[in-house]
Amino acid sequence: MRQYIKFLAVIVLILVPSFAYSAEDQVVQITSVGVTGNEHIATEYILNVVDTKPGMTLSRDMIRSDIEAIYNQGFFSFADAEMRPEGGGVSLMFSVRENPVIESITFTGNTLYTDEQLMREVLSQVGTTFNRNFFRNDLDRIQEKYHKDGYVMVRVSDVQIEGGNIYVTILEPKVGDVIIQGNTKTKTYVIRREIKLKQGDIFNVIHFRHQLGKLQGLGFFEDVNVAFDVPQDSEGLVDLIITVKEKRTASIGLNLAYGSESGIAGGLTYSDTNIFGRGIKFEVGFNEGDDAMYWVSLSNPYMDAQTFGWSVGARYRHYDDRYYYRQGRKQFEYDEKTISVYAGLGRKFSNEDWSWFLTLRNEHADYDNVHNAIPGYIDDLTPWDGTNQTVELQFVWDKRDPYSPYPKGFVWDTNFEQAVELLGGEYSYLKYWTQARLYASLNKIVAGIADTSGSWTDENPLLFAARVRVGSSTEDELPSFARYSLGGMNTLRGYNSRSFEGSSFYLGNFELRVPVSSALSLVGFYDIGNADSDMDWGNYHDNYGFGIRVKTPFGNLRVDYAKGEDENRTYFGFGEMF
């Protein structure tokens, strides 16, 4: 009879918490703890989260906490506790109802990834007991996969469980309307063609951010803002609202420069990058000094599979006291006058990785006033003045990642230049050359060797950059203005410009670009190559050196110091060499 009184007290303790109860008045001891109802989940696993142990005094709050802990394991749809008199106390039995065994997992609404690709993110497998916690993490990993790839608006919109069958609905929001506003001068189509996302595309923030960057890079706008709107009753659509604030695109530039060969020079430039609001560029300018130049150009640089890019222009150059080199040795000084006009047209193929550009060029050159010649000098320059008429065709295969914040991938171009004796042309030859450029991050390779944390990031990595050029022609001797030329800050940095010239050439440039901070990087480089009319491919000239790159509001400031065969040279400029 006494045991039943204790059991009644336990029932009051558990089920009627409003009754006043004092542990000092009634102490009930737990004699045993067990689990019932489990078929696939081990009892030991369940009891591992239970704090109530045999020999302890019964605690209403602890039992409730144990029930909650068992339920929170995720394997059960129901958990409760029962007590029966046992010995001098009570037996505590936790009752559970297991979730069904998974028979199938079905995805709907997914178009970007196959079911197999999504299942690689899922740890819950067919044949195991469904665990809502594990499956919630599975769904999080699926969303993370989408978000990491830029599909940040994708989400799991619904999960249905029917017995052992699980149905997961993926919502992949698509682009609705693309609304452009704020432009008064710039034509809407000029803005729209930079935003490649079109109605019906699944929204990708990485692609969209890159396209906005290209839009801002046009230089037409002071500011570009973006808003998103979900149309009423259209959960699967998102409208893009792009608001631009235009700025003046016309500018006047004043420049002053000094060159070790050309001396002091200066001039003015007038340019407008958005003529008629159509993205057409116009520039006219002049430089005065020993290297005097006058030029005018008009171009539409944008091209795709439907739009032609084009350019036309003219240039006059008068260079006094220019040095002429032959295989790296200065021969004499001379005066040079050249005038050229050109027109070009190009477009991308249906596969927009490929493009072509055709340029017609007429150039006339005069060389005279040979002076300060070295004893025994060779003059294979001045006999070649005259008029040259050429047709140049270029093919480009660009596999660089358009969404990467740094150059990544490779680009290959091949060129053919045919000189024709038409419209005043005096020469006939065919030149052909090809070039490949490679850009590769070394972060993963170096991370296994040294600690690079905080130094190089995925957006600003340790970068290996390489450029290889090779070319030849159908003639052993080319006019001076048509020869391949090496030497100077953009080819062989340890030598004077035009130190090596000829009808054939090869060139290799290799750089290791090492970020120091977001605005500063160091560069180690090696250059090798040669140009000659009677090419000895085993004969080469090389140099090595280091450089500094500083990001400024005017562009990437470049300083290179190169050690050549006979002397060291230092260069200042903007932008990378390639």
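**Exercise 1.** Does N388 count as buried or exposed, and at what relative accessibility?

*Solution.* Keep in mind that you're looking at a predicted model. Start by finding the residue: N388 sits in strand β17, which covers residues 386–398. Next, take its relative accessibility, which is 4%. The cut-off for buried is under 20% relative accessible area, so N388 counts as buried at 4%.

**Exercise 2.** Find out which residues N388 touches, leaving out those up to four places away in sequence, and which side chain makes a polar contact with that of N388.

*Solution.* Go through the contacts step by step. Among the residues touching N388 are R361, N362 and E363. The list also includes A419, Y427 and Y429, along with F481 and A482. Now pick out Y429: its side chain and that of N388 are joined by a polar contact of 2.9 Å.

**Exercise 3.** Work out how the side chains are arranged along strand β27, residues 568–574, and how β27 pairs with β26.

*Solution.* Here's a handy rule to begin with: in a regular strand, side chains alternate between the two faces of the sheet. Now check β27 itself. R569, Y571 and G573 point to one face and are buried. N568, T570, F572 and F574 point to the other face and are not buried.

Then turn to the partner strand. β26 spans residues 555–563 and pairs with β27 in the antiparallel sense, over seven bridges. For one bridge, take A562: its partner in β27 is R569. Finally, look at the link: β26 and β27 form a hairpin, with four residues between them.

**Exercise 4.** Describe the second largest pocket: how much space lies in it, and what lines it?

*Solution.* First, the volume: about 1,300 Å³. Second, the lining: 42 residues line this pocket, and the closest to its centre are H210, K214, K348, D398 and P402. Third, the elements: α7 (205–217), β16 (354–371) and β17 each supply at least two lining residues. Of these, α7 gives the most, with five residues. Last, sort the lining by type, and you get 16 nonpolar, 10 polar and 16 charged residues.

**Exercise 5.** Place N496 in the chain, decide whether it's buried or exposed, and find how far it is from V35.

*Solution.* N496 lies in the loop between β21 (484–486) and β22 (500–502). Its relative accessible area is 11%, so N496 is buried. For the distance, go from C-alpha to C-alpha: N496 and V35 are 88 Å apart in space, and 461 residues apart in sequence.

Conventions: Residues numbered from 1 in each chain as written. Predicted model: local features only at pLDDT ≥ 70, side-chain atom pairs only at ≥ 80, totals over all residues. Heavy atoms only, no water. Buried < 20%, exposed > 50% of the residue type's maximum accessible area, 1.4 Å probe, protein only. Polar contact = N/O pair within 3.5 Å; in protein donor to acceptor, adjacent residues only side chain to side chain. Contact = heavy atoms within 4.5 Å. Pairing = 2+ DSSP bridges. 1 Å grid on protein atoms, 1.4 Å probe; cavity = no way out; pocket = protein on both sides within 12 Å on 5 of 7 lines; lining within 4 Å. Points joined across faces, edges and corners; volume = space filled by probe spheres on them. Nonpolar A, V, L, I, M, F, W, Y, C, P; charged D, E, K, R; others polar.
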